[in-house]
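Thanks for asking me to look this one over. Here are my notes, point by point, to read alongside the model.

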Amino acid sequence: VLTVSGSLDTKDGRVESKAYVRKKFFPEAVLSRVDMGLSYATSADDVKYGIAGKKTFELTDDGLMTLDCKGGVSMGSKARGMTYTGCVELSQKIFNFQEDQDLKLKLGFDVVKRGFYGQVRENNWTFNTNFK
């Protein structure tokens, strides 16, 4: 999958863009999902390679409440060393919160930053917080 995105900073007119090429695998025996690929960002002017995995545990019979364990590693072609990511997330989906409106609540802990974060997601908007 090739994804290209861009943004315009309205304060100073700076344009930034990113391009991703990645492949997803779904090895149900071990993990729920594995992502492999590379990305390029104009802000860093570097190509990064990475691999990430996710394991989902359903906490309810209907699958609307899950515990997700995510982790990954990436490295750049210019920078030395690797960047690690890891988090544990508890999420609850609420279908038809209002008519034609679904809601997803997420509470997570970032292992690398050692901090909690939260997210409320609706069909058309998302609210993120790091509780600081």
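1. Let's begin with D45, which counts as partly exposed at 38% relative accessibility, because that value falls between the 20% and 50% cut-offs. Please keep in mind throughout that this is a predicted model.

2. Which residue forms a salt bridge with D45? The partner is K78, and the closest N and O atoms of the two are 3.3 Å apart. This pair links distant parts of the chain: D45 sits in the loop between β3 (33-41) and β4 (46-58), while K78 sits in the loop between β5 (65-76) and β6 (82-98), 33 residues apart. K78 itself counts as exposed, with a relative accessibility of 57%.

3. A second pair worth a look is K106 with E89, where the closest N and O atoms are 3.7 Å apart. K106 belongs to strand β7 (residues 101-110) and E89 to strand β6, so this salt bridge ties together parts that are 17 residues apart in sequence. Are these two residues buried or exposed? K106 counts as buried at 13% relative accessibility, and E89 is buried too, with a relative accessible area of 5%.

4. There is also a small group of charged residues to check on your screen. D9, D12, R14 and E16 are joined into one network by salt bridges that share partners. Within it, the side chains of R14 and D12 meet at 3.5 Å, N to O. R14 counts as partly exposed, at 43% relative accessibility.

5. How many salt bridges does a search of the whole structure find? The total is seven, and the pairs K78 with D45, K106 with E89 and R14 with D12 are among them.

6. Now to the fold around these pairs. Nine strands make up an open sheet, ordered β1-β2-β3-β4-β5-β6-β7-β8-β9, with antiparallel pairing. At the edges stand β1 (2-8) and β9 (126-129); each has a single partner strand, so one side of each lacks a neighbour in the sheet. On average, neighbouring strands are turned by 20° against each other, ignoring direction. As a reminder, strands of a sheet pair through backbone hydrogen bonds, either parallel or antiparallel.

7. Finally, take a look at the β1 edge. Its partner is β2 (residues 15-25); the two run antiparallel and are joined by seven bridges. To find your way along this pairing, you could start from L2, whose bridge partner in β2 is V21.

Terms used. Residues are numbered from 1 along each chain as its sequence is written. This is a predicted model: local features need pLDDT of at least 70, side-chain atom pairs count only at pLDDT 80 or more; totals for chains, interfaces and linings use all residues. Side-chain values use heavy atoms; hydrogens and water are left out. Two strands pair if DSSP finds at least two bridges between them. Helices (H or I, at least four residues) and strands (E, at least two) are DSSP runs, numbered from the N terminus. Axes are lines fitted to C-alpha atoms, for helices over the stretch in contact, and angles run from 0 to 180 degrees between N-to-C directions. A salt bridge is a side-chain nitrogen of Lys or Arg within 4 Å of a carboxyl oxygen of Asp or Glu. Buried means under 20% relative accessible area, exposed over 50%, partly exposed in between (1.4 Å probe, protein chains only).
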